[in-house]
Amino acid sequence: SSLLALDLSHNYIDGGKWQAGPRDTAKAIEAVRKAAEAVAGVLLSNPSLEYLALSKTKMSTDGVKELSKGIAMHGALRALDLSHNPLGTDGTDLVAEAVQSHPGISTLCLSAANVTTQAFNNLMLKLAKGNTTLTELDLTRNFIQNVDMENFSWFNANNIHVRSIDLRWNRIPPELCALLEESFTRSAKAVAAATGPVRPLAEVLRDFFSLEEERESKPYQL
(Lines give C-alpha, C1' and ligand atoms only; values in the text may rest on other atoms or scores of the structure.)
Protein backbone atom coordinates (compact mmCIF):
# COMPACT_ATOMS: atom_id res chain seq x y z
CA SER A 1 0.00 0.00 0.00
CA SER A 2 1.13 3.58 -0.71
CA LEU A 3 -0.89 5.19 2.13
CA LEU A 4 1.38 7.73 3.86
CA ALA A 5 -0.97 9.50 6.26
CA LEU A 6 -4.07 8.52 8.22
CA ASP A 7 -6.06 11.11 10.18
CA LEU A 8 -8.96 9.75 12.23
CA SER A 9 -9.23 12.74 14.54
CA HIS A 10 -12.64 13.77 15.93
CA ASN A 11 -13.99 10.22 15.60
CA TYR A 12 -15.11 8.83 18.94
CA ILE A 13 -13.96 5.25 19.32
CA ASP A 14 -14.94 4.95 22.96
CA GLY A 15 -18.28 3.28 22.37
CA GLY A 16 -20.03 6.60 22.86
CA LYS A 17 -23.14 5.48 20.97
CA TRP A 18 -24.19 3.77 24.19
CA GLN A 19 -25.43 5.95 26.98
CA ALA A 20 -23.35 6.04 30.13
CA GLY A 21 -24.41 3.51 32.73
CA PRO A 22 -23.12 0.51 34.66
CA ARG A 23 -24.65 -1.95 32.20
CA ASP A 24 -22.91 -0.34 29.25
CA THR A 25 -19.36 -0.24 30.64
CA ALA A 26 -18.35 -3.63 29.27
CA LYS A 27 -19.71 -2.77 25.81
CA ALA A 28 -17.87 0.55 25.78
CA ILE A 29 -14.56 -1.06 26.77
CA GLU A 30 -14.99 -3.74 24.13
CA ALA A 31 -15.76 -1.08 21.50
CA VAL A 32 -12.56 0.78 22.40
CA ARG A 33 -10.53 -2.41 22.16
CA LYS A 34 -11.98 -3.37 18.77
CA ALA A 35 -11.55 0.13 17.32
CA ALA A 36 -7.93 0.37 18.45
CA GLU A 37 -7.30 -3.16 17.23
CA ALA A 38 -8.62 -2.12 13.81
CA VAL A 39 -6.29 0.90 13.71
CA ALA A 40 -3.37 -1.33 14.68
CA GLY A 41 -4.37 -3.61 11.81
CA VAL A 42 -4.24 -0.65 9.41
CA LEU A 43 -0.70 0.05 10.58
CA LEU A 44 0.40 -3.52 10.00
CA SER A 45 -1.21 -3.71 6.55
CA ASN A 46 0.25 -0.36 5.43
CA PRO A 47 4.03 -0.58 5.91
CA SER A 48 4.56 2.82 4.24
CA LEU A 49 2.31 4.77 6.64
CA GLU A 50 4.32 7.60 8.22
CA TYR A 51 1.75 9.82 9.95
CA LEU A 52 -1.07 8.71 12.27
CA ALA A 53 -3.45 11.19 13.95
CA LEU A 54 -5.98 10.05 16.55
CA SER A 55 -6.62 13.39 18.23
CA LYS A 56 -9.96 13.85 20.04
CA THR A 57 -11.03 10.23 19.65
CA LYS A 58 -11.51 9.68 23.39
CA MET A 59 -8.70 7.15 23.23
CA SER A 60 -8.16 5.82 26.75
CA THR A 61 -5.87 3.24 28.35
CA ASP A 62 -7.87 0.32 26.94
CA GLY A 63 -7.49 1.63 23.41
CA VAL A 64 -3.82 2.54 23.74
CA LYS A 65 -3.08 -0.98 24.99
CA GLU A 66 -4.14 -2.42 21.62
CA LEU A 67 -2.81 0.45 19.52
CA SER A 68 0.67 0.35 21.07
CA LYS A 69 1.19 -3.16 19.72
CA GLY A 70 0.80 -1.91 16.16
CA ILE A 71 2.94 1.19 16.79
CA ALA A 72 5.83 -0.83 18.20
CA MET A 73 5.92 -3.07 15.11
CA HIS A 74 5.47 -0.32 12.52
CA GLY A 75 8.96 0.94 11.75
CA ALA A 76 7.99 3.49 9.08
CA LEU A 77 5.89 5.66 11.41
CA ARG A 78 7.38 9.15 11.80
CA ALA A 79 4.64 11.25 13.43
CA LEU A 80 2.06 10.25 16.03
CA ASP A 81 -0.69 12.56 17.32
CA LEU A 82 -2.67 11.34 20.36
CA SER A 83 -3.55 14.79 21.66
CA HIS A 84 -6.80 15.65 23.45
CA ASN A 85 -7.38 12.12 24.71
CA PRO A 86 -7.77 10.95 28.34
CA LEU A 87 -4.56 8.92 28.39
CA GLY A 88 -3.56 9.71 31.97
CA THR A 89 -0.55 8.09 33.61
CA ASP A 90 -1.24 4.51 32.49
CA GLY A 91 -2.01 5.43 28.89
CA THR A 92 1.05 7.66 28.62
CA ASP A 93 3.21 4.84 29.99
CA LEU A 94 1.92 2.52 27.25
CA VAL A 95 2.72 5.11 24.58
CA ALA A 96 6.21 5.54 26.08
CA GLU A 97 6.84 1.81 25.89
CA ALA A 98 5.75 1.69 22.24
CA VAL A 99 7.92 4.68 21.28
CA GLN A 100 10.88 3.75 23.50
CA SER A 101 12.71 1.60 20.99
CA HIS A 102 10.87 2.72 17.86
CA PRO A 103 13.32 3.23 14.97
CA GLY A 104 11.59 6.13 13.26
CA ILE A 105 9.18 8.31 15.25
CA SER A 106 10.42 11.89 15.21
CA THR A 107 7.25 13.81 16.17
CA LEU A 108 5.08 12.89 19.15
CA CYS A 109 2.07 14.98 20.20
CA LEU A 110 0.53 14.33 23.63
CA SER A 111 -1.04 17.74 24.14
CA ALA A 112 -4.04 17.83 26.51
CA ALA A 113 -3.74 14.09 27.17
CA ASN A 114 -3.99 14.23 30.97
CA VAL A 115 -0.24 13.66 31.26
CA THR A 116 0.74 13.83 34.93
CA THR A 117 4.09 14.60 36.53
CA GLN A 118 4.68 10.89 37.09
CA ALA A 119 3.79 10.07 33.49
CA PHE A 120 6.11 12.79 32.15
CA ASN A 121 9.08 11.61 34.22
CA ASN A 122 8.44 8.00 33.18
CA LEU A 123 8.27 9.14 29.56
CA MET A 124 11.64 10.91 29.84
CA LEU A 125 13.21 7.83 31.41
CA LYS A 126 11.92 5.40 28.79
CA LEU A 127 12.80 7.65 25.87
CA ALA A 128 16.30 8.15 27.31
CA LYS A 129 16.80 4.38 27.45
CA GLY A 130 15.89 3.64 23.85
CA ASN A 131 14.58 6.29 21.47
CA THR A 132 17.17 8.34 19.55
CA THR A 133 15.04 9.64 16.65
CA LEU A 134 12.66 12.05 18.40
CA THR A 135 12.98 15.68 17.27
CA GLU A 136 9.73 17.28 18.50
CA LEU A 137 7.66 16.51 21.58
CA ASP A 138 4.41 18.39 22.32
CA LEU A 139 3.22 18.12 25.93
CA THR A 140 1.23 21.34 26.16
CA ARG A 141 -1.90 21.71 28.30
CA ASN A 142 -1.24 18.87 30.72
CA PHE A 143 -0.79 18.49 34.48
CA ILE A 144 3.03 18.44 34.75
CA GLN A 145 4.13 20.20 37.94
CA ASN A 146 7.65 18.94 38.50
CA VAL A 147 10.48 17.44 36.48
CA ASP A 148 13.01 14.81 37.49
CA MET A 149 16.09 16.69 36.28
CA GLU A 150 18.26 13.55 36.30
CA ASN A 151 15.90 11.76 33.89
CA PHE A 152 15.41 14.91 31.83
CA SER A 153 19.17 15.52 31.50
CA TRP A 154 19.72 11.87 30.56
CA PHE A 155 17.03 12.09 27.89
CA ASN A 156 18.46 15.37 26.61
CA ALA A 157 21.97 13.91 26.39
CA ASN A 158 20.93 10.68 24.64
CA ASN A 159 18.42 12.16 22.19
CA ILE A 160 20.83 14.35 20.28
CA HIS A 161 18.29 15.15 17.55
CA VAL A 162 15.69 16.74 19.84
CA ARG A 163 14.86 20.28 18.68
CA SER A 164 11.86 21.15 20.81
CA ILE A 165 9.95 20.03 23.86
CA ASP A 166 6.84 22.15 24.34
CA LEU A 167 5.73 22.29 27.98
CA ARG A 168 3.61 25.40 27.82
CA TRP A 169 0.33 25.60 29.75
CA ASN A 170 1.39 23.10 32.39
CA ARG A 171 1.97 23.85 36.07
CA ILE A 172 5.74 24.14 36.03
CA PRO A 173 7.12 26.90 38.31
CA PRO A 174 9.37 29.61 36.75
CA GLU A 175 12.50 28.44 38.58
CA LEU A 176 12.13 24.96 37.09
CA CYS A 177 11.65 26.45 33.61
CA ALA A 178 15.02 28.14 34.08
CA LEU A 179 16.65 24.80 34.94
CA LEU A 180 15.15 23.18 31.86
CA GLU A 181 16.42 26.00 29.66
CA GLU A 182 19.88 25.68 31.21
CA SER A 183 19.90 21.96 30.49
CA PHE A 184 19.32 22.65 26.80
CA THR A 185 21.89 25.45 26.73
CA ARG A 186 24.60 23.25 28.21
CA SER A 187 24.08 20.83 25.33
CA ALA A 188 24.40 23.69 22.83
CA LYS A 189 21.19 22.69 21.05
CA ALA A 190 18.88 24.90 19.03
CA VAL A 191 15.94 23.86 21.17
CA ALA A 192 12.91 25.73 22.42
CA ALA A 193 12.82 25.86 26.20
CA ALA A 194 9.72 25.24 28.26
CA THR A 195 8.55 28.83 27.78
CA GLY A 196 9.99 29.46 24.33
CA PRO A 197 8.48 29.32 20.83
CA VAL A 198 8.05 26.00 19.05
CA ARG A 199 6.78 24.98 15.64
CA PRO A 200 3.13 23.93 15.72
CA LEU A 201 2.48 20.33 14.75
CA ALA A 202 0.37 21.51 11.80
CA GLU A 203 3.42 23.32 10.43
CA VAL A 204 5.56 20.22 10.83
CA LEU A 205 3.00 18.18 8.91
CA ARG A 206 2.77 20.78 6.14
CA ASP A 207 6.52 20.51 5.70
CA PHE A 208 6.24 16.73 5.72
CA PHE A 209 3.64 16.63 2.95
CA SER A 210 5.53 19.27 0.91
CA LEU A 211 8.59 17.05 1.12
CA GLU A 212 6.60 14.05 -0.08
CA GLU A 213 5.19 16.02 -3.04
CA GLU A 214 8.67 17.18 -3.98
CA ARG A 215 9.98 13.63 -3.69
CA GLU A 216 7.22 12.28 -5.97
CA SER A 217 7.71 15.05 -8.57
CA LYS A 218 11.39 14.23 -9.07
CA PRO A 219 12.29 11.67 -11.77
CA TYR A 220 13.65 8.36 -10.54
CA GLN A 221 17.42 8.18 -10.76
CA LEU A 222 19.64 5.13 -10.59
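Start in the sheet: select residues 51-53, strand E2, together with residues 79-81, strand E3. In this predicted model, the two strands run parallel and three bridges join them. For a single pair to click on, try Tyr-51, which stands opposite Ala-79 in E3.

Now bring in the rest of the sheet. Six strands make it up, in the order E1-E2-E3-E4-E5-E6, with parallel pairing, and the sheet is open. Which strands stand at the edges? Select 5-7 for E1 and 164-166 for E6: each has a single partner strand, so one side of each is left without a neighbour in the sheet. On average, neighbouring strands here are turned by 0 degrees against each other, direction ignored. As background, strands of a sheet pair through backbone hydrogen bonds, either parallel or antiparallel.

Next, zoom out and colour by secondary structure. You should find seven helices and six strands. Follow the chain from its N terminus and the elements go β-α-β-α-β-α-β-α-β-α-β-α-α, so to speak a walk through strands and helices that ends on two helices in a row.

On to the helices. Select residues 61-72, which are H2, and show H3 with them. The two axes come within 9 Å and cross at roughly 5 degrees, and the pair is therefore roughly parallel. Which residues make the contact? From H2, pick Thr-61, Val-64, Lys-65, Ser-68, Ile-71 and Ala-72; from H3, pick Asp-90, Gly-91, Leu-94, Val-95 and Ala-98. Colour this contact by class and you get six nonpolar, three polar and two charged residues.

Keep H3 (residues 88-100) on screen and add H4 (residues 117-129). These helices pack at an angle of about 10 degrees, with their axes 9 Å apart, which makes H3 roughly parallel to H4. On the H3 side, select Gly-88, Thr-89, Thr-92, Asp-93, Ala-96, Glu-97, Val-99 and Gln-100. They meet Gln-118, Ala-119, Asn-122, Leu-123, Lys-126, Leu-127 and Lys-129 in H4. How do the residues of this contact divide by class? Five are nonpolar, six polar and four charged.

Just before H4 there's a loop worth a stop. The loop between strand E4 (107-109) and H4 holds Ala-112, and Asn-114 has its place there too. Check the backbone angles: phi of Ala-112 is near 50 degrees, a positive value in a residue other than glycine. Asn-114 isn't a glycine either, yet its phi is positive at about 60 degrees. Are they buried or exposed? Ala-112 is buried, with a relative accessible area of 18%, while Asn-114 counts as partly exposed at 32% relative accessibility.

Now switch to the whole chain. Of its 222 residues, 50% count as buried. Turn on contacts with a separation of 6 or more, and 86% of them come from residues 24 or more positions apart.

Finish by colouring by pLDDT. The chain's mean is 79, and 76% of its residues reach 70 or more. Select 188-198, where the pLDDT is below 50; this stretch has 29 contacts in the model beyond near neighbours in sequence. Your last selection is 211-222, where pLDDT stays under 50 as well. For that stretch, the model has six contacts beyond four places in sequence.

Note on methods
Residues numbered from 1 in each chain as written. Predicted model: local features only at pLDDT ≥ 70, side-chain atom pairs only at ≥ 80, totals over all residues. Heavy atoms only, no water. Pairing = 2+ DSSP bridges. Helix = DSSP H or I, 4+ residues; strand = E, 2+ residues; numbered from the N terminus. Axes fitted to C-alpha atoms, helices over the stretch in contact; angles between N-to-C directions. Parallel < 35°, antiparallel > 145°, perpendicular 65-115°, else oblique. Contact = heavy atoms within 4.5 Å. Nonpolar A, V, L, I, M, F, W, Y, C, P; charged D, E, K, R; others polar. pLDDT = per-residue confidence, 0-100. Buried < 20%, exposed > 50% of the residue type's maximum accessible area, 1.4 Å probe, protein only.
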